[in-house]
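Visitor: I'm new here and I'd like to know how the words people use for a structure get earned. Could you walk me through it?

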Protein chains: 2
Amino acid sequence: MELTRYQVTVLPLGRTIEVLAGSRFVDIARTLGLAISLPCGGEGVCGKCRVWVRSGMAEPTAADRRHLTESELEQGQRLACQLAVRSDVVIEIPETLLLRASHQILTKTGEVRLEKDTPLVTKRTVNLTETPSATDLVAIVRHALPQVGLPLCVLQDLSQQLLEIPSTRLAVLAEGCLLALESPEEASPTLGVAVDLGTTTLAASLLDMTTGAELAVCGRLNPQTEFGDDVISRIQFASETPWGTQRLQHAVVSAINEMIEELIGQAGVDRQMIYQVVCAGNTTMQHLFCGLSPQHLGRFPFRATTLEAQRFFASEVGLNVHPRGRVYVFPAIGGFVGGDTVAGIVTTGLDQGRSPALLVDLGTNGEIVLWDGQVLRAAATAAGPAFEGARIKCGMRATEGAIERVWWDETAQQLRYHVIGGTDPVGLCGSAILDVLALLRQWGIVTAEGRLQGGAALRRTLPEDLAHRLIDDQGTPAFIIVQNSRGDARGDIVLTQRDIRQLQLAIGAIRAGTEMLLRSAEIAPEDLQIVYLAGGFGNYIRRRNAQLVGLLPRHIPTERIQFCGNASLFGAKMALLSREVCRRAEDVSRKVEHIELASHPDFHWKFAEAMIFPDCQPL
Amino acid sequence: MELTRYQVTVLPLGRTIEVLAGSRFVDIARTLGLAISLPCGGEGVCGKCRVWVRSGMAEPTAADRRHLTESELEQGQRLACQLAVRSDVVIEIPETLLLRASHQILTKTGEVRLEKDTPLVTKRTVNLTETPSATDLVAIVRHALPQVGLPLCVLQDLSQQLLEIPSTRLAVLAEGCLLALESPEEASPTLGVAVDLGTTTLAASLLDMTTGAELAVCGRLNPQTEFGDDVISRIQFASETPWGTQRLQHAVVSAINEMIEELIGQAGVDRQMIYQVVCAGNTTMQHLFCGLSPQHLGRFPFRATTLEAQRFFASEVGLNVHPRGRVYVFPAIGGFVGGDTVAGIVTTGLDQGRSPALLVDLGTNGEIVLWDGQVLRAAATAAGPAFEGARIKCGMRATEGAIERVWWDETAQQLRYHVIGGTDPVGLCGSAILDVLALLRQWGIVTAEGRLQGGAALRRTLPEDLAHRLIDDQGTPAFIIVQNSRGDARGDIVLTQRDIRQLQLAIGAIRAGTEMLLRSAEIAPEDLQIVYLAGGFGNYIRRRNAQLVGLLPRHIPTERIQFCGNASLFGAKMALLSREVCRRAEDVSRKVEHIELASHPDFHWKFAEAMIFPDCQPL
């Protein structure tokens with residue numbers, strides 16, 4: 001991992017943050033609460049997301065050269081979506097390119113109001129002096145910090161310190177509670193860790209909470225996977241196994257502790273500097289992290305223990321940070337619409353505009369949120385982990401060896417694919433699976449009902465390269481993407497009829513959910529001005545293909561579909577840097593109308609209907 | 001121990017409490033917040049504290065027969081100070097006998113206002129029902145109990161329970177925080193433990209917090225004594241030994257856990273029923289119990305870590321009660337004026353009257369509080385543990401074998417004494433030490449400067465029994481109280497010249513402190529309308545003798561001196577039963593003016609002066 005760091009100053013915000021070399025500029029902007037309009041979804045196709053590099057180095061990319069004149073390049077114009085940090089830079093974003101100030105860092109006039117934007121933990125210099133009635137240390141502290149919370153464990157620490165009065169100290173404060181008094185001579189950065197509690201993968205980021213700089217990132221498989229690969233099987237394990245909840249909690253906390261170890265190693269910092277951890281994930285993952293049994297989520301009426309944001313000491317769950325470090329867990333919306341979705345709403349600023357907008361979060365489950373300009377409505381769908389490659393014969397996560405893109409090369413009359421890491425292909429990740437499905441629908445190989453056809457009549461209409469790929473896979477039809485070099489059938493990379501049924505279920509669930517939400521808000525799909533796509537998988541799909549197979553609304557221009565990355569991790573990072581973001585998350589979680597799809601009389605009918613793929617113009 | 005319990009109903013309060021057989025009525029009244037005027041200090045001498053036994057049995061005592069006519073006895077009149085409970089009884093206290101309603105249970109008109117008097121923990125029946133947006137259990141609980149605090153550990157418990165909705169539950173509530181949801185079918189009493197954290201002895205009482213009934217009591221030596229017998233040596237140990245604070249905390253918490261074990265055994269109850277522990281003690285003892293290092297109390301400017309009341313979970317310090325049980329630790333006034341003194345002020349209602357009143361708490365240290373009708377002033381004195389028998393050659397605590405009273409029998413011309421438990425005498429406890437000192441002063445054997453005289457001229461003026469008792473004890477003069485039956489000198493019970501020097505220091509410290517407080521309030525000693533004497537030792541002394549040797553102000557009628565028992569334990573019990581008492585304790589602790597005697601320029605002069613015993617009329 002490349003550990004060089006650079007200073008990035010973003011105008012007109014005027015804020016400088018330190019980032020790892022190679023960080024994408026759009027991610028940096030998002031961390032600062034700025035969403036940049038990316039009409040083509042950040043693929044370098046439309047050439048519209050132009051920003052100014054005011055100082056520093058930014059080698060033009062091929063896309064830059066395609067869309068910008070030599071003179072524009074010389075002036076420092078670059079495409080935001082292509083821009084990665086390779087030196088200290090100052091970058092100016094034209095006001096017109098800013099979608100909105102997603103957590104109100106900017107006022108309407110563009111004036112910077114950073115003072116409202118207090119990180120979850122701050123350090124403040126305090127002068128501790130004798131007061132008229134200062135017989136105790138607490139009175140002296142309260143004189144400098146009126147109304148501050150002083151829990152017993154913090155008093156125990158203070159009592160052990162030898163504190164001469166008068167003295168100047170750095171008070172470490174978390175939302176009105178004193179965590180420690182540090183010596184100003186030994187001042188160290190105030191660090192925080194943001195964690196995305198994914199069902200399948202965990203991601204963590206180490207931030208300097210004062211500067212906003214990202215010092216290190218890492219990720220790993222959620223070790224709870226060994227107890228079940230989806231939310232339902234985890235709930236079963238927790239409910240039916242003695243100490244099941246505690247075992248699952250221990251698994252995820254241990255993994256986060258390993259990640260913290262990795263983060264502090266990468267950044268070369270001390271764990272004592274970490275005073276805050278923020279976690280966001282689906283409701284079940286958040287329950288398990290907090291040691292709350294999710295048993296009630298597993299039986300009618302599928303109730304969470306709590307949807308409220310949680311604040312507690314890191315020691316209460318066993319996280320290895322500063323002994324008085326705090327934890328913030330995102331508020332949730334419903335039993336199956338969790339803190340990750342709240343993070344998505346807050347980071348996209350979904351509810352800040354006037355026109356209808358949709359957020360689709362494609363994780364192990366699929367959550368959908370609709371903003372009609374006045375009301376937020378959210379629903380969970382049982383999409384399952386198909387888009388993460390699970391339950392798909394040759395499916396896999398988007399790691400090295402995964403085919404992540406498949407396309408038809410018209411000129412060469414051949415199917416082509418791209419493998420992550422450039423190695424030999426091992427399997428298909430979600431984005432490639434969607435590509436293949438869309439291709440099969442376009443060539444009429446898969447019917448609207450989802451049947452994979454392989455008849456001679458059809459084969460005759462297909463290019464030779466495609467016709468050859470229709471095979472019989474242990475008695476059922478299949479489409480072969482990569483033939484095993486050894487020539488035997490076992491190692492081929494294929495998409496089978498069964499896989500297509502799984503995809504029909506997953507896509508149908510999302511589509512039916514979207515349609516139910518649209519109907520309850522009386523909004524036509526074409527009225528949606530923006531569709532945000534969140535979740536690790538969501539970031540890499542071809543939007544047109546997602547529309548073709550019915551995963552996303554078909555009747556809107558593709559440009560309206562925007563990727564917003566790992567919204568859960570972004571939200572956690574933003575919360576670390578801003579109490580206002582926490583307040584907004586809590587506000588949003590309370591005001592969202594939670595639609596229980598399964599209990600809606602029309603849902604099953606809609607679901608069945610949505611299993612039929614949309615009509616498709618043949619290629 | 002006699003474990004039979006009886007119901008005592010007290011009129012006009014109308015409240016019934018259950019007490020152990022043999023409980024003293026004045027103690028019961030005090031638990032209910034009623035202070036009865038005892039002009040002779042409760043010795044059965046004045047015959048003024050008459051109450052009415054309206055039903056039940058109360059065998060007249062010798063004192064009753066001395067002061068009451070046969071017809072008065074038949075009507076049910078008894079002396080309150082002599083009354084002990086031997087059956088279920090209803091007792092009426094005449095309004096004129098009530099000193100004041102010490103925590104405002106009674107209004108001025110005598111109307112009962114129990115509703116203000118909420119115990120620290122209450123159980124309330126709640127109906128948990130579906131609410132329009134009840135997707136989570138917490139929302140359902142909040143619908144029934146708005147604004148309730150729900151800490152993570154309680155949510156963890158709730159998540160493990162299988163809770164059908166709708167359902168009726170008993171919500172266990174502690175000052176706005178939910179501790180548990182109990183099944184109403186298995187309703188159990190709500191119990192609390194009051195603890196007096198004495199430097200030398202610990203005392204604990206198990207109360208039913210709903211009825212106020214005392215179910216069991218017990219006491220034991222504070223095991224911290226092995227690390228030092230006074231506050232200063234404990235502070236040294238805590239400051240200078242690795243993990244010193246933690247070791248002292250562990251010692252006292254273990255002892256309290258043993259006492260809890262004994263209490264629940266005596267009462268035949270389950271520890272899960274105990275939801276609250278209240279502790280009061282001096283500032284150092286409270287620090288050590290909370291795991292707060294007292295190191296700053298041991299060096300200039302002798303600062304406590306905190307004087308605020310503390311509230312935390314019993315599990316945070318390792319107390320074995322209900323896992324979600326709470327602890328309340330009394331607020332303190334200064335580094336050496338602790339929660340025990342606050343308890344004394346609150347239980348006596350010292351600041352409720354209009355006329356000057358003094359509270360002297362004689363424990364291992366001596367604390368003095370003066371109320372001048374408008375301002376409370378408090379001071380700590382370094383009286384040391386002499387009154388508890390420590391540092392006195394034949395001194396001992398007031399347990400079996402201790403001589404607790406010594407007097408001159410004019411008729412028989414002989415010194416007499418009384419031994420606790422009626423056994424052979426082993427040593428002298430504090431009250432007897434004071435008796436002997438007063439006697440020696442009255443006979444002119446000890447001079448005003450504290451010299452124990454043994455010259456022939458003096459011997460000739462003394463009765464023979466006294467003259468014989470003046471001996472030489474290993475080179476210094478001594479007064480022998482009991483001669484060893486074996487005839488050798490080693491086992492004699494004596495008071496030595498060195499003992500008298502110790503007493504001079506202890507009495508001088510209290511007297512100088514009292515005089516400093518009186519002077520700063522510009523009050524003459526004779527203006528004191530009441531002097532309360534608290535502390536285990538204080539309960540048993542002869543008030544006249546305490547005045548003779550200068551421990552208590554001489555120029556007030558002895559009747560104005562009132563015993564108030566173990567105020568620390570009483571205060572803890574009252575706090576268990578009343579949040580109003582906690583509020584008043586916190587209020588009082590903040591408004592007391594703390595006088596630092598040692599830093600006062602006049603103090604050393606006053607102290608030296610106070611070492612001279614007052615003039616004494618010879619017998």
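What follows is a chat that sets values against the rules behind the words.

Guide: One thing up front: this is a predicted model. Ask away.

Visitor: What makes the relation between chain A and chain B a two-fold axis?

Guide: Try laying chain A on chain B: a turn of 180° and a shift of 0.0 Å along the axis does it, with an RMSD of 0.2 Å. That is the relation of a two-fold axis. In chain A, the C-alpha nearest the axis belongs to A:E316, 5.6 Å from it.

Visitor: How do you know that the copies meet through the same surface?

Guide: Look at who takes part. The contact takes 27 residues from chain A and 27 residues from chain B. Of the interface residues of chain A, 100% are also interface residues in chain B, so the copies meet through the same surface.

Visitor: Which elements give two or more residues to the side of chain A that touches chain B?

Guide: They are helix 4 (137-144), helix 5 (152-160) and strand 15 (310-313) of chain A. Helix 5 of chain A gives the most, with six residues. By class, that side of chain A has ten nonpolar, 13 polar and four charged residues.

Visitor: Now a single chain. Why does the radius of gyration of chain A agree with that of a compact globule?

Guide: A compact globule with 619 residues would have a radius of gyration near 25 Å, and chain A has 26 Å, so the two agree. The C-alpha atoms of chain A fill a box of roughly 95 × 70 × 55 Å along the principal axes. Inside, you'll find 18 helices and 28 strands. Buried residues make up 50% of the chain's 619 residues. Among contacts in chain A between residues at least 6 apart in sequence, 69% join residues at least 24 apart.

Visitor: Why are helix 6 and helix 7 of chain A called oblique to each other?

Guide: Two packed helices are described by the angle between their axes and the distance between the axes. Helix 6 (residues 231-240) and helix 7 (residues 244-267) of chain A pack at about 125°, with their axes 6 Å apart. Roughly perpendicular runs from 65 to 115 degrees and roughly antiparallel starts over 145. The angle of about 125° fits neither, and the two helices are therefore oblique to each other.

Visitor: Which residues meet there?

Guide: From helix 6 of chain A come A:R234, A:F237, A:A238, A:S239 and A:E240, and they meet A:G244, A:T245 and A:L248 in helix 7 of chain A. By class, this contact has three nonpolar, three polar and two charged residues.

Visitor: What is it about the phi of A:W243 that catches your eye?

Guide: Most residues other than glycine have a negative phi. A:W243 is not a glycine, yet its phi is positive, about 55°. You'll find A:W243 in the loop between helix 6 and helix 7 of chain A. A:F302 also has a positive phi, near 55°, and is a residue other than glycine. A:F302 sits in the loop between helix 8 (283-290) and strand 15 of chain A.

Visitor: Why is A:W243 called exposed, and what does A:F302 count as?

Guide: Count the neighbours. Exposed means 12 or fewer other C-beta atoms within 10 Å, and buried means 20 or more. A:W243 has 10, so it is exposed. A:F302 has 18, which falls in between, so A:F302 counts as partly exposed.

Visitor: How do you know that A:E185 and A:D615 are exposed?

Guide: By that cut-off of 12 or fewer. A:E185 has 7 other C-beta atoms within 10 Å, so it is exposed. A:E185 lies in the loop between strand 10 (177-182) and strand 11 (191-197) of chain A. A:D615 has 10 such atoms, so it is exposed too. A:D615 lies in the segment after helix 18 (603-610) of chain A. The C-alpha atoms of A:D615 and A:R441 are separated by 8.8 Å, though these residues are 174 apart along the chain.

Visitor: Where does a cis peptide bond turn up in chain A?

Guide: Most peptide bonds are trans. The bond from A:I165 to A:P166 is cis, with omega near 0°. A:P166 is in the loop between helix 5 and strand 9 (167-174) of chain A. In chain B, a cis peptide bond joins B:I165 and B:P166, with omega about 0°.

Notes
Residues are numbered from 1 along each chain as its sequence is written. Chains are lettered from A and ligands numbered from 1 in the order in which they are written. This is a predicted model: local features need pLDDT of at least 70, side-chain atom pairs count only at pLDDT 80 or more; totals for chains, interfaces and linings use all residues. Two residues are in contact if their C-beta atoms, placed from the backbone, lie within 7 Å. Helices (H or I, at least four residues) and strands (E, at least two) are DSSP runs, numbered from the N terminus. Ala, Val, Leu, Ile, Met, Phe, Trp, Tyr, Cys and Pro count as nonpolar, Asp, Glu, Lys and Arg as charged, and the others, Gly among them, as polar. Copies are superposed by least squares on the C-alpha atoms of residues with pLDDT of at least 70 in both. The radius of gyration is taken over C-alpha atoms; the globule rule is 2.2 Å times the number of residues to the power 0.38. Axes are lines fitted to C-alpha atoms, for helices over the stretch in contact, and angles run from 0 to 180 degrees between N-to-C directions. Angles under 35 degrees count as roughly parallel, over 145 as roughly antiparallel, 65 to 115 as roughly perpendicular and the rest as oblique.
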